[in-house]
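Dear colleague,

Please find the structure below, handed over for your use. A summary of what was found in it follows.

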Amino acid sequence: MRRLAELVLRHRLVIVIGWAVILLAGGAVAGTVSNRMTVNFSLPGQPGDTAANKIIAEFHNGGNTSPLLATVTLPAGQTITGHEAQVAKAFASLGSADVPLRVVDEANTGDKAFRTSDDRTAYAMVFYPFPQSFADQVPTKLVRSTVGAAAPPGATVGVTGMDALAVGDDSGGNGVLTETLLGALGALIVLLFVFASMLAFLPLVVAAVSILTTFLLLLPLTYLTDVSFIVQFLVALVGLGVAIDYSLLFVTRWREERDHGKDNHDAVVAAMETAGHAVLFSGLTVAIGLLALVVLPVPFMRSIGMGGALIPLASVLVTLTLTPAILGSIGPRVDWPKIRHENKPSRGWTAWARLVVRRRWIAAVAALAVIGVLFVSFLGIKIGAADSSSLAKNGAAFDTLQVLKSGGVTTGSLTPIEVLTETSKAQAVAQTLGGVDGITHAVVPSGPGSSVDGQTVVVLIPSAETVNSSSVQVVRDVTALADKTDGVLGVTGLGNAQVDFLHAVYGNFPLMLLLIAFLTYVLLVRAFRSLLLPLKAVILNLVSLTAVYGLMVLFWQQGYGSQAVFGIQETGAVTFWIPLMVFAFLFGLSMDYEVFILSRIREEYDAGASTDEAVVLGIGRTGRLVTSAALILFLAFAALASGPGTDIKVLATGLGFGILLDATLVRSVLVPSLVSLFGSWNWKLPDSVARILRVPPSVVHAEQPEVAVGD
């Protein structure tokens, strides 16, 4: 790290110019990268995905989409009875749309399930192609205008569906740029408080370069493989928070060294040797957590792992080169006005650390009790998707759904099961599978476009939405019976996608968990020169993540916060891909603070302090820093929560909960209390292990408990 610092300082002008060029290049390609990102949630090799691909290949729609429900409501005093031909003509007009649409309604099935109990509203299921990019829109407006043009005079036309409801009132939400600017504004306020000088703008500069560097690195990746559209949100918001955190740590340590009397050159070198070392290990830890997603047999999760890993790596690279280059050039001049000094530990955090060390048993038990309560809540988690009632609270799609529900139409029609069958055996298949408990209707469409190459899609309507791990049993029952039914070529639908995802992803979760835990442990053994501290860090991270899931269950699944904060009813489940994302990001991000704190505690211990003294000094030096860094990340996630869609809000709040819980309860209470309790055991590292890892041996010196703690 010293050699790197000297290299950067010798060539600081070249480095600044080089990063300026990369900044411009990243800005130039950011739009292209965003446009090349895909919306792909396929699960290769899974039965539901295979069936969906067969349907898409033959019919060019449906398979991996839940249908839109188009409605025609006649004026008061009129009924569908007597107007069947006109209503059928309105729905049939969708067959001539520019987008290949497949319509299933009363006219082509002969089933009166497609009208409400008051006989005023008829509806049709409209299967459409899955969007190929984030810019592509669900064809809600196309369906509404096409049906409306052919509907009976005076009729009201509506469109609803899971995807239409997810858009809500069509006002959408903030875009990536707006969210990033909101996050940056919040971060600037915190930085102005931390630095109380013009230095507050430096971490924002580093973040801007890091974000656009990540986009530049993503460009070739989009040519090698599909990259999920979710990555752009993570690059912008997580990249903002991580880069600011790393730069904040480095600049704070540089100020501390300056306030201790070092000249600018030596202060930069010292900051690189200490804070730079912590930043390097933190970035590698975050990258490991994300790269572990690559072991999952799910393309979009793999792309998030690969793309997401570029975020901390780019942030580390920029922080360890651009930050010291700028500080080495103009650092003292921009540290104006010099109001806050870093020559002494924070009085407030030092007092807090003394209290925790003095009452370490009480602190540890109390913190673990809170985590235990949240763990109990986690045990009730349901993995699935948000149900219709939580996707929207107003808008045209919401109003249309209310018309159907008030007319006795089951919301299971939003998540039908598609069964690809041989046309000659479709009726027999429908009769057999329609008898499964939980299926209210089994319909076989006929007429133009209903059969292709001797294949027909039988549509099963469940009695309830198949949106979570407790409501997909009907899907499992249908699939099990379909495997034994002659003429069935495949079964798919939203429920099948969840069953497949649970099998493909959570079936491989233990492997991912083991890989992350092992790699992180080895990395941290080298960073902390200890066997016990890394073990505690890994276990504590896993335990605290279950508490985060418990908070998500309370806030979203049970609705104790979602209604008050976002006006969204309880979701009934946590979207199936979100827990994996929260785990991958939080495992690394939380370890950031562990590395920041324990690196400083280790430094103080190596300088001669006892374990308790090292804890007090380490927390006193890093408490304000970690809290500020966590607040910045939280504000970034709050900005992400302003984006469109319930799923993005669930992800953002989960990450936000995790950061706050980690920076307060875990790192401010559990970490210092447990390190104090472990005493000299924290620092034991066999010489043989030290030689293998190529680190200096860990010297354990005599403890002097309570020295300085009670001062």
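**Findings: a covered strand and two cavities**

In strand E3, Val-126 is the bridge partner of Val-103. Please bear in mind that the model is a predicted one. The notes below begin with the strands and then turn to the cavities.

Val-103 and Val-126 belong to a pairing in which strand E2 (residues 102–104) runs antiparallel to E3, with 3 bridges joining the two. E3 also pairs with strand E1 (residues 68–73), again in an antiparallel arrangement, through 6 bridges. On that side, Leu-69 has Met-125 of E3 as its bridge partner.

How many of the residues of E3 are buried? The strand spans residues 121–127, and 7 of its 7 residues are buried. In a regular strand, side chains alternate between the two faces of the sheet. For E3, both faces are covered. One side carries Thr-121, Tyr-123, Met-125 and Phe-127, while the other carries Ala-122, Ala-124 and Val-126, and all of these are buried. Two residues already mentioned can thus be placed: Met-125, the partner of Leu-69, is on the side with Tyr-123, and Val-126, the partner of Val-103, is on the side with Ala-124.

The second topic is enclosed space. The structure holds 2 cavities of 30 Å³ or more. The largest has a volume of about 50 Å³. Its lining consists of Trp-349, Ile-597, Ile-619, Thr-622, Gly-623, Val-626, Thr-627, Ala-663, Arg-667 and Ser-668. Two elements, helix H25 (611–640) and helix H26 (646–678), each give two or more residues to this lining. Of the elements, H25 gives the most, with 5 residues. By class, the lining of the largest cavity has 5 nonpolar residues, 4 polar and 1 charged.

The second largest cavity contains about 30 Å³ of space. Around this cavity lie Ser-544, Leu-545, Val-548, Ser-590, Gly-658, Leu-661 and Asp-662 as lining residues. Here the elements that give two or more residues are helix H22 (532–557) and H26. H26 therefore deserves a look in both places, as a helix of 646–678 under the DSSP assignment that gives two or more residues to the lining of the largest cavity and also to that of the second largest. The classes in the second lining are 3 nonpolar, 3 polar and 1 charged.

With kind regards

Note on methods. Residues numbered from 1 in each chain as written. Predicted model: local features only at pLDDT ≥ 70, side-chain atom pairs only at ≥ 80, totals over all residues. Heavy atoms only, no water. Buried < 20%, exposed > 50% of the residue type's maximum accessible area, 1.4 Å probe, protein only. Helix = DSSP H or I, 4+ residues; strand = E, 2+ residues; numbered from the N terminus. Pairing = 2+ DSSP bridges. 1 Å grid on protein atoms, 1.4 Å probe; cavity = no way out; pocket = protein on both sides within 12 Å on 5 of 7 lines; lining within 4 Å. Points joined across faces, edges and corners; volume = space filled by probe spheres on them. Nonpolar A, V, L, I, M, F, W, Y, C, P; charged D, E, K, R; others polar.
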